[in-house]
Amino acid sequence: MTGIVQVNEMGYSMSRTLRRTAALACAALVATLPAITTAGARSSSDTDRPAAEHVLLLSVDGLHQSDLEWYVAHLPTSALAALVRGGTEYRNASTPFPSDSFPGMIAQVSGGNPRTTGVYYDDSYNRRLLPAGTTDCSGVVPGAEVAFAENLDKDVTRIDADQGLSGLPDSILHMTGHPLSVIDRSQLPVDPKTCRPVLPNQYLQTNTIFDVAYAHGMRTAWSDKHPAYQILNGPNRLAIADEFTPEINSAAIGYPAGDDWTNDNAATQQYDGYKVHAVLNQIDGYDHSRSHRVGEPAIFGMNFQSVSTAQKLPTSNGRDGGYLPGGTVPGPVLRGALRFVDSSVGAMVSELYGTGHAHDTTIILSAKHGQSPTQPEALRRVDDGAIIDAINAGWTQSHPGAQPLVAFSVDDDLMLLWLSNRSSAATSYVKSYLLSHSAAANTIGGSATSVGSSGLRRVAAGAAAANLFGVAVPEPRHPDIVGLVQHGVVYTGKMSKIAEHGGNDAQDRHVPILVVGAGVARGMTVSGAVETTRIAPTILRLLGLDPHQLRSVRIEGTRALPELYFPRD
């Protein structure tokens, strides 16, 4: 490597001098690109000639478009500012709904929304599968939780998912690049036809850019926060040649007992630093561990968690998390997280420049999701468990002997309920209850208050819930009840977090898309509405591949990002 990156016992860090060097390298990279202007713009359908040989995809979870604009305005010499000036920025981009990490990331690599991918959340419910651990499938009633998070790890306490590495966390880069080897299959839902566990990649109903690239003999790599992100492979479980997935919810080594890497933003930055290091190794032509020289991947990248945890934590190391009153200016912890991301991206650009890959690599920066609320004064934390208990109690009282009506729920800053009874009477009862009852809540300062209509502004029930996603009512994966929250409401039993995602709030969904590098116009701003699903066909176009090889693209008609694709000079 070129020496831009420093990794020590405190994780990834960069001095002010190195950050400036990275920013200058970004500016230098931009200056060396072919002089493409909007006057020569052509539609992405004009040619299939490749504009790039490599695409580096970066997801900065929690990052709002407004955060990027604030940062660039206040740090005009930063690496991110240089990229904005040197690329094409989509200022009205949104994630799919629900704005959870899983559908958000899958959208970027498949081109699809939940109606085609079949993935509504990282923790959801399927009415046709059997519960995890089922070994004798005869006579088992269908209906199972599908949890694709830290629960799948063979040992959730270890960052390497019990691979048995010594010298952790410094040795984490030697963790396997094939996460199936660290997934506990007894935690997976079971297919009633085969009576075998359903792997994450098998659960996905569509293919991905990694799958398409693999079919064309291209090498791919990805780094993410759980081994469960093995789902991104799509139908071919070997599509991602190098998949680095250290567990973010494992015990943070060197921090207080019981804390994971999300409880302290310094820990999250340290954790993200390992993935940054992996990407730098890949830019240099090695695998993530720097053990084998394999060449720079055609598609590779990572997700950042530092901004997301900085938005959620009330405090970290004695400093306030989230935003200052009013919700437009990042607080001290969040500003530090943004600087960390800026330094990391600058280091990657510097590495591309130093290895001679600046001219043939395109960078795409976006986010799986945003976060809501940004205004501290708007926060209302509600214990969703009390609401669900009351729904079940009311239903049982009027239907003696009935099983609990809510079979499964996921509630962050939205409410998704799967019911054991899907009749119109049951769905109407739940909708009526939710909209007619108030719920206890507390403010960011801990003061008791209440919210009307269970904290919801809209409830879609039964057929209306299916219509919301564009699927048929019998489809086995979608929730029966979808509750969209009043702005600022967060469902949590912890009563400590100050923001969440998953819902339909603009702050959940309005994220950046920034594209810079080979084949991209400089200094262009696109104000039209686009969705992050358009990243997937764009990546294939840039590489000279046909986006229609993606199933979701064919079904949903997902197009590449507009005003972008140019054949390489």
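How much space lies in the largest pocket? About 990 Å³ of space lies there, and this pocket makes a convenient place to begin a tour of what is a predicted model.

**Stop one: the largest pocket**

Select Asn249, Lys312, Lys494, Lys497 and Glu500, which, of the 36 residues that line the largest pocket, are the closest to its centre. Then colour the elements α9 (306-312) and β16 (406-411), since these are the ones that give two or more residues to the lining of the largest pocket. Of the elements, β16 gives the most to this lining, with 4 residues. If you colour the lining of the largest pocket by residue class, you will find 8 nonpolar, 14 polar and 14 charged residues.

**Stop two: the cavity**

Now turn from the pocket to the enclosed space, where the count comes to 1 cavity of 30 Å³ or more. The volume of the largest cavity is about 30 Å³. To find the largest cavity, select the residues that line it, namely Asp413, Leu414, Arg457, Leu484, Val485, Gly503, Asn504 and Asp505. This lining of the largest cavity divides into 3 nonpolar, 2 polar and 3 charged residues.

**Stop three: the aromatic rings**

The structure holds 13 aromatic pairs, and two of them are worth a visit here. For one of these pairs, select tyrosine 120 and phenylalanine 469, whose ring centres lie 4.9 Å apart and whose planes meet at 85°; because planes over 60 degrees apart count as edge-to-face, this pair is edge-to-face. Tyrosine 120 sits in the loop between α5 (114-117) and β5 (123-126), while phenylalanine 469 belongs to helix α13 (residues 463-469), so the pair ties together parts that are 349 residues apart in sequence. Are these two residues buried or exposed? Tyrosine 120 has a relative accessible area of 1% and is buried, and phenylalanine 469, with a relative accessible area of 7%, is buried as well.

Next select phenylalanine 148 and tyrosine 203, where the ring centres are 5.6 Å apart and the planes stand at 80°, so that this pair too is edge-to-face. This pair links distant parts of the chain, as phenylalanine 148 lies in the loop between β6 (144-147) and β7 (190-191) and tyrosine 203 lies in helix α6 (residues 200-203), 55 residues apart. Both phenylalanine 148 and tyrosine 203 are buried. Keep these two residues selected and add Phe102 and Tyr229, because Phe102, Phe148, Tyr203 and Tyr229 form one aromatic cluster. Before you leave tyrosine 203, show the side chain of arginine 477, which lies over the face of this ring at 3.8 Å from the ring centre.

**Stop four: the disulfide**

Which cysteines does a disulfide join? Select cysteine 137 and cysteine 195, which are joined with a distance of 2.0 Å from S to S; the count of disulfides comes to 1. Look along the S-S bond of cysteine 137 and cysteine 195, where the torsion is about 90°, so the disulfide is right-handed. Cysteine 137 is found in the loop between β5 and β6, and cysteine 195 in the loop between β7 and β8 (196-197), so the pair ties together parts that are 58 residues apart in sequence. If you switch on the surface, compare the two ends: cysteine 137 counts as buried at 15% relative accessibility, whereas cysteine 195 is partly exposed, with a relative accessible area of 25%.

**Stop five: the backbone**

For this last stop, hide the side chains and follow the backbone itself. Select leucine 168 and proline 169, where the peptide bond from the one to the other is cis, with omega near 5°; proline 169 lies in the loop between β6 and β7. A cis peptide bond also joins serine 372 and proline 373, with omega at about -5°, and proline 373 has its place in the loop between β14 (361-366) and β15 (380-382).

Return to the loop between β6 and β7 and select alanine 161, which has a positive phi of about 55° although it is not a glycine. At 1% relative accessibility, alanine 161 counts as buried. Finally, select serine 454 in the loop between β19 (448-451) and β20 (456-461). Serine 454 is a residue other than glycine with a positive phi, near 60°, and, at 1% relative accessibility, serine 454 counts as buried.

Terms used:
Residues numbered from 1 in each chain as written. Predicted model: local features only at pLDDT ≥ 70, side-chain atom pairs only at ≥ 80, totals over all residues. Heavy atoms only, no water. 1 Å grid on protein atoms, 1.4 Å probe; cavity = no way out; pocket = protein on both sides within 12 Å on 5 of 7 lines; lining within 4 Å. Points joined across faces, edges and corners; volume = space filled by probe spheres on them. Nonpolar A, V, L, I, M, F, W, Y, C, P; charged D, E, K, R; others polar. Phe/Tyr/Trp six-rings, centres within 6.5 Å; stacked < 30°, edge-to-face > 60°. Buried < 20%, exposed > 50% of the residue type's maximum accessible area, 1.4 Å probe, protein only. Lys NZ or Arg CZ within 6 Å of the ring centre and 35° of its normal. Disulfide = S-S within 2.5 Å.
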